[in-house]
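Me: I would like to learn how to read helix packing, burial and backbone angles in a model such as this one. Could you take me through it feature by feature?

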Amino acid sequence: MKLNYRPEIDGLRALAVIPVILYHGGLNLFSGGYIGVDVFFVISGYLITTILVEDIKNQSFSISGFYLRRARRILPALFFMMIVCIPFAWTWMLPNELEFFSRTLIAVSFFVSNIFFWREKTNYFGGNVEENPLIHTWSLAVEEQFYIFFPIFLFLFWRFGRHKLFYIICLIALVSLLLNEWAIRNDEKQANFYLIVTRAWELLAGVITALVVEKRGIKKNEILSSLGLVAIILSIIVFNKNTPIPGIYALLPVLGTMFILLCATKETFVAKLLSTKVF
């Protein structure tokens, strides 16, 4: 299935990825740049659901076909990145660092690096994390774990009707968010940050957005789309490594992304801005 191309989503991806890079570059202005991952989770949930729903409606849904498309899209870039890292790791790392890197390679290959970093108590916001060249793969692992289970879930529950499916997903998202907040308050910060159980609500926010768009279409709204952009930029500038993320605070960039996906038609200022060639 081929999506109707929305160039503003590519611009939104740029708005998500650039702050992450600048955050890791140590620029104080982008102290909350890591929230680009939260934005990406919403986008991923939205795009994947849009594709799957169209396939189901057209009776062309195929689990194997879906997994094959994901593999073709993700694996070449992932393996290239891993291969590029290996000679530098071999040259520069001490034996214990190289051993950790080797175990990370295995975890990345099986899309469980988020679980690996959690079990190794790797603090994304501290220690020598900047010397871990594969730390960023935790978010890919979360997405891939979501991709494994969600298509099956959607296919099985679609037969119960869209309304019931919508409310079931909303309930699961709410439970995930509450678990997220519980983990923050009970000193389970590493599990909260890395694991799909407490990250699922962000991906499901994208799923909810896709189901709304599938039913009602994209409704032009200059105010809400502009508020969405402001919410994301504000999160990037105001948040820092001490902000309890993900949790209630993450609602700011997540809702901001949802507003853009729901309301930024091509006629809006936000869509025109994000559709420029620079983005």
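Reply: We begin with contact, which means heavy atoms within 4.5 Å. The model is a predicted one, and every case below is to be read in that light.

Me: With that in hand, which residues of α7 meet which residues of α9?

Reply: On the α7 side they are R162, H163, F166, I169, C170, I172, A173, S176, L177, L179 and N180, and on the α9 side they are V197, T198, R199, A200, W201, L204, V207, I208, L211, V212, E214 and K215. As a general idea, an α-helix has 3.6 residues a turn, so residues three or four places apart point the same way.

Me: At what angle do α7 and α9 pack, and how far apart are their axes?

Reply: The angle between α7 and helix α9, which covers residues 196–216, is about 155 degrees, and their axes are 8 Å apart. Angles over 145 degrees count as roughly antiparallel, and therefore α7 is roughly antiparallel to α9. The crossing in which α7 passes α9 is left-handed.

Me: R199 is listed in that interface; is R199 buried or exposed?

Reply: The cut-off for buried is under 20% relative accessible area, so R199 of helix α9, with a relative accessibility of 1%, counts as buried.

Me: Which polar contacts does the side chain of R199 make?

Reply: The side chains of R199 and D38 are joined by a polar contact of 3.0 Å, and a polar atom of the R199 side chain also lies 2.9 Å from the backbone oxygen of F193. Setting aside residues up to four places away in sequence, R199 touches D38, F41, W138, V142, S176, N192, F193 and P246.

Me: Where is E181, and what surrounds it?

Reply: E181 is found in helix α7, which runs over residues 162–185, and a relative accessible area of 15% makes E181 buried. Its side chain makes a polar contact of 3.1 Å with the side chain of R185, while G247 and I248 are the residues that E181 touches once those up to four places away in sequence are not counted.

Me: How do α10 and α11 cross?

Reply: The axes of helix α10 (residues 222–238) and helix α11 (residues 251–263) come within 7 Å, and they cross at roughly 150 degrees. By the cut-off used before, over 145 degrees, α10 and α11 are therefore roughly antiparallel to each other, and their crossing is left-handed. The contact is made by residues including L224, G228, L229 and I232 of α10, and including L252, G256, F259 and I260 of α11.

Me: What else does L229 touch, and is L229 buried or exposed?

Reply: L229, which has its place in helix α10, is buried at 9% relative accessibility. Leaving aside its neighbours within four places in sequence, L229 is in contact with L15, I260, V270 and L273. The pair L229 and L15 is a useful case of separation along the chain set beside distance in space, for these residues are 214 residues apart along the chain while their C-alpha atoms are separated by 9.4 Å.

Me: How should I compare the span of α2 with what is expected, and how many of its residues are buried?

Reply: Helix α2, residues 36–57, has 22 residues and reaches 32 Å from its first C-alpha to its last, which is close to the 32 Å expected at 1.5 Å a residue. Of those 22 residues 19 are buried, so α2 is largely enclosed by the rest of the structure.

Me: Which residue with a positive phi follows α2, and why is such an angle worth a second look?

Reply: Most residues other than glycine have a negative phi. The residue in question is Q59, which has a positive phi of about 55 degrees although it is not a glycine, and which is placed in the loop between α2 and α3. F111 likewise is not a glycine and has a positive phi of about 55 degrees, and F111 lies in the loop between α4 (95–109) and α5 (113–119).

Me: Is each of the two, Q59 and F111, buried or exposed?

Reply: Q59 counts as exposed at 75% relative accessibility, whereas F111 counts as buried at 17%.

Key: Residues are numbered from 1 along each chain as its sequence is written. This is a predicted model: local features need pLDDT of at least 70, side-chain atom pairs count only at pLDDT 80 or more; totals for chains, interfaces and linings use all residues. Side-chain values use heavy atoms; hydrogens and water are left out. Helices (H or I, at least four residues) and strands (E, at least two) are DSSP runs, numbered from the N terminus. The expected span of a helix is 1.5 Å times one less than its number of residues. Buried means under 20% relative accessible area, exposed over 50%, partly exposed in between (1.4 Å probe, protein chains only). A polar contact is a pair of N or O atoms within 3.5 Å; within protein, one must be able to donate a hydrogen and the other to accept it, and residues adjacent in sequence count only if both atoms are side-chain atoms. Axes are lines fitted to C-alpha atoms, for helices over the stretch in contact, and angles run from 0 to 180 degrees between N-to-C directions. Angles under 35 degrees count as roughly parallel, over 145 as roughly antiparallel, 65 to 115 as roughly perpendicular and the rest as oblique. A crossing is left-handed if the near helix is turned anticlockwise from the far one by less than a right angle, and right-handed if clockwise.
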